[in-house]
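This report walks through selected local features of one protein chain, beginning with a side-chain contact and moving on to helices, sheet and backbone. Please keep the sequence and the model side by side while reading.

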Amino acid sequence: MKQFNLITSFLISITLLLSSCANDDNSTPKDDFDRAKMDLLFSTLEDKGFLMGASISISKNNREVYQRSIGLAEFDNTIPISSQTKFKIGSMTETFTACMILQLVEEGKLALNTPLSNYYPEMPNSSTITIEYLLRHRSGLVNYVYDPDFSNWGTQAITEAEFIERFIEYGTSTEPYTVFEYSNTNYVLLGFIIEKIDGKSYADALEDRITNRINLSNTYYYGETINTTNNEALSYDYWNDTWNPSPQFHASVWGGAGAIMSTPTDLNTFYEALFEDKIITEASLSEMTKNIDWSAGMGIFSGMTISGKPFIVNFGDIDNFSSITFYFPEEDVCMSYITNGLNFQRFDEFLEFNIPIAFIDIYFGEDYTIPIGE
């Protein structure tokens, strides 16, 4: 999740860097890009032991043109990561949640100006906070992951009523709409609202509204614990000179803010369908990608460029999984990348590789030197 740990800070710095890279460029995406260089990039990352594992997929015009997986999904049983390995995607779940909310708006079951008080009148500022404010992270509600005790209670199941009680206790940090302030609280509430309107669980709504519609066979609301026999990856920390499984937060603790599991290939399929108006209408997509500030839309970040190419991005951290998807609408190119553990003892060395800018540069034929090192 976006708890602003080191990986998230790194990804945020990337998006801010990209927003300033607007120089002219004549490179074009090709199926015959330097695959050997892309392979060498990931082979080097694997050989140096920076990552527990990773998987990447690149697609153009609805066709996967590159896929690579490295490392292990489970260390003890040496289960390798494959193209079918599922990972927790953290805050990238929010794009799915935002799409379902916008579908409900299209169906006339909800409106962007519907106040939160229609569903949770007991919440602070509920008559002023709207669905749109929740979608845009402008509600002012405190992010519940900032609770100093979160790492303890977050590993246990939590009910809707218990969550609302906590949200009331945490209160607000700003007045509604005044500033963008990222808060997982917003999307947990939106997930609950989807369940109330559809009369079914978030997991079932996700299947009916998105995954079954566009045939995402490896995307779903994950269970209480990771099931490695179902090709689900564990995430890892590196300490005492070895990889160790990270604590697992319970799915109910994330809900509509982060409880989806997927693959890079499925994420590309989802984004391609989204920008082909197969999930929400063109008008809804325009609203979704409209920025108020900080390039933040609804469950997505847009309005940035690299080498003159506009792109859409979202990213997530959860346990020790990190995920990111870039979509370049003018080139119809989508890139998704997920890792299940980073060796922070070698973080400075890893930063020299400038992931994920590296695979963007290699694919588009920009200058990029792989820092082989010793």
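## A polar contact at Asn 152

The side chains of Asn 152 and Asp 149 make a polar contact of 2.5 Å; as with everything that follows, this comes from a predicted model rather than from an experiment. Asn 152 belongs to helix α5, and its C-alpha atom is separated by 9.2 Å from that of Phe 249, a residue 97 positions away along the chain.

## Helix α3 and its crossing with α9

Helix α3 takes in residues 93-106, which makes 14 residues, and its first and last C-alpha atoms are 20 Å apart, close to the 20 Å expected for a helix that advances 1.5 Å a residue. This helix is mostly covered, with 12 of its 14 residues counted as buried; among them are Thr 95, Phe 96, Cys 99, Met 100, Gln 103 and Leu 104. Following α3 comes Gly 108, which has a positive phi near 75°.

The axis of α3 comes within 12 Å of the axis of helix α9 (residues 264-274), and the two cross at roughly 35°. The crossing of α3 and α9 is left-handed, and the residues that make the contact are Thr 95, Phe 96 and Cys 99 on the side of α3, with Leu 267, Phe 270, Tyr 271 and Leu 274 on the side of α9. Thr 95, Phe 96 and Cys 99 also appear among the buried residues of α3.

## Arg 209, a buried arginine in α8

Arg 209 is part of helix α8, which covers residues 202-211. Because its relative accessibility is 8%, and the cut-off for a buried residue is under 20%, Arg 209 counts as buried.

Which side chains make polar contacts with that of Arg 209? One is the side chain of Glu 107, at 2.8 Å, and another is the side chain of Asp 198, at 2.7 Å. When neighbours within four places in sequence are set aside, Arg 209 is in contact with Met 100, Gln 103, Leu 104, Glu 107, Lys 109 and Asp 198. Of these names, Met 100, Gln 103 and Leu 104 can also be found among the buried residues of helix α3.

## The seven-stranded sheet

Seven strands make up an open sheet with antiparallel pairing, and their order is β3-β2-β1-β12-β11-β10-β9. The edges are taken by β3 (79-80) and β9 (301-306), each of which has a single partner strand, so that one side of each is left without a neighbour in the sheet. Five of the six residues of β9 are nevertheless buried, so this edge strand is largely enclosed by the rest of the structure.

Within the sheet, strand β1 (residues 53-60) and strand β2 (residues 63-74) run antiparallel and are joined by eight bridges, with Gly 53 having Gly 71 of β2 as its bridge partner. At the β9 edge, four bridges join β9 to the antiparallel strand β10 (residues 309-318), and Ile 306 stands opposite Lys 309. The hairpin of β9 and β10 has two residues between its strands, and Ser 307 in this hairpin adopts a positive phi near 50°.

## The β6-β7 hairpin

Strands β6 (residues 236-239) and β7 (residues 242-245) pair in the antiparallel sense over four bridges, and the bridge partner of Tyr 236 in β7 is Pro 245. Two residues lie between the strands of this hairpin, where Asn 240 has a positive phi near 55°. Is Asn 240 buried or exposed? Its relative accessibility is 61%, and since the cut-off for exposed is over 50%, Asn 240 counts as exposed.

## Further backbone features

Most residues other than glycine have a negative phi, and most peptide bonds are trans. His 137, which is not a glycine, has a positive phi of about 55°, and its place is in the loop between α4 (131-135) and α5 (150-153). His 137 is buried, with a relative accessible area of 4%, whereas Asn 240, with its positive phi of about 55°, is exposed at 61%.

The peptide bond that joins Ile 355 and Pro 356 is cis, with an omega of about 5°. Pro 356 sits in the loop between α11 (347-351) and α12 (357-363).

Conventions: Residues numbered from 1 in each chain as written. Predicted model: local features only at pLDDT ≥ 70, side-chain atom pairs only at ≥ 80, totals over all residues. Heavy atoms only, no water. Expected span 1.5 Å × (residues − 1). Buried < 20%, exposed > 50% of the residue type's maximum accessible area, 1.4 Å probe, protein only. Pairing = 2+ DSSP bridges. Polar contact = N/O pair within 3.5 Å; in protein donor to acceptor, adjacent residues only side chain to side chain. Contact = heavy atoms within 4.5 Å. Axes fitted to C-alpha atoms, helices over the stretch in contact; angles between N-to-C directions. Left-handed = near helix turned anticlockwise from the far one by under 90°.
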